[in-house]
Amino acid sequence: MMTLDIRRFLEWLGYDWTVVLLTGLTAAGLAMAWIGALVALLTALGRRQWWWAAALLLTGPLAAIPYGLRYRVEGAYPLRLCVGGLLLVLPLALFVLYALVSR
């Protein structure tokens with residue numbers, strides 16, 4: 001079984017292609033999540049769901065996921081965008097978690 005220590009992982013991150021890959025995945029994921037939140041906001045405004053619209057305006061993707069789960073038909077597309085975007089951000093989030101825990 002191979003163990004991964006933080007020095008080897010940071011050395012692996014020192015390569016330019018890994019930084020470009022993580023940056024591209026993170027940027028694409030954040031863009032997808034926020035576009036999903038904006039689509040959910042427009043949907044809530046169109047259906048005159050003012051409390052959902054206020055929550056979506058203030059918290060973005062954090063409220064878009066419950067909105068998509070609550071309204072399955074109207075919120076299917078925003079939910080798919082938000083979940084897919086947050087899954088693309090997951091590699092960077094795992095790296096940050098690993099760096100914080102291994103100290």
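Helices and strands here are DSSP runs, numbered from the N terminus.

**Figure 1. The whole chain follows the pattern α-α-α-α-α.** Welcome to a predicted model, shown here before we move in on its parts. Along the sequence the chain has 5 helices and 0 strands. Of its 103 residues, 30% are buried. Among the contacts with a separation of 6 or more, 59% join residues that are 24 or more positions apart.

**Figure 2. Helix H2 runs from residue 16 to residue 46.** How far apart should the ends of H2 be, at 1.5 Å a residue? Its 31 residues should span 45 Å, and the end C-alpha atoms are 45 Å apart, so the two values agree. Just past this helix, look for Arg48, which follows H2 and has a positive phi, near 60°.

**Figure 3. H2 has a set of buried residues.** Starting from the N-terminal part of the list, Thr18, Leu22, Thr26 and Gly29 are buried. Further along H2, the buried residues are Ala33, Gly36, Ala37, Ala40, Leu41 and Ala44. A handy reminder for reading this view: an α-helix has 3.6 residues a turn, so residues three or four places apart point the same way.

**Figure 4. Helices H2 and H3 pack against each other.** Two packed helices are described by the angle between their axes and the distance between the axes. For H2 and H3 (residues 50-59), the angle is about 160° and the axes lie 8 Å apart. Angles over 145 degrees count as roughly antiparallel, and H2 and H3 are therefore roughly antiparallel to each other. The crossing of H2 past H3 is left-handed.

**Figure 5. Here are the side-by-side partners in the contact of H2 with H3.** From H2 come Trp34, Ala40, Leu41, Ala44 and Leu45. H3 supplies Trp50, Trp52, Ala53, Leu56, Leu57 and Thr59. What kinds of residue make up this contact of H2 with H3? They divide into 10 nonpolar, 1 polar and no charged. Ala40, Leu41 and Ala44 also appear among the buried residues of H2.

**Figure 6. Ala63 sits in helix H4.** This helix covers residues 61-70. Is Ala63 buried or exposed? Its relative accessibility is 8%, so Ala63 counts as buried, the cut-off being under 20%. Leaving aside neighbours within four places in sequence, Ala63 touches Trp52, Ala55 and Leu56. Two of these names, Trp52 and Leu56, may be familiar from the H3 side of the contact with H2. Cys82 is 19 residues from Ala63 along the chain, and their C-alpha atoms are separated by 10.0 Å.

Technical notes:
Residues numbered from 1 in each chain as written. Predicted model: local features only at pLDDT ≥ 70, side-chain atom pairs only at ≥ 80, totals over all residues. Heavy atoms only, no water. Axes fitted to C-alpha atoms, helices over the stretch in contact; angles between N-to-C directions. Helix = DSSP H or I, 4+ residues; strand = E, 2+ residues; numbered from the N terminus. Parallel < 35°, antiparallel > 145°, perpendicular 65-115°, else oblique. Left-handed = near helix turned anticlockwise from the far one by under 90°. Contact = heavy atoms within 4.5 Å. Nonpolar A, V, L, I, M, F, W, Y, C, P; charged D, E, K, R; others polar. Expected span 1.5 Å × (residues − 1). Buried < 20%, exposed > 50% of the residue type's maximum accessible area, 1.4 Å probe, protein only.
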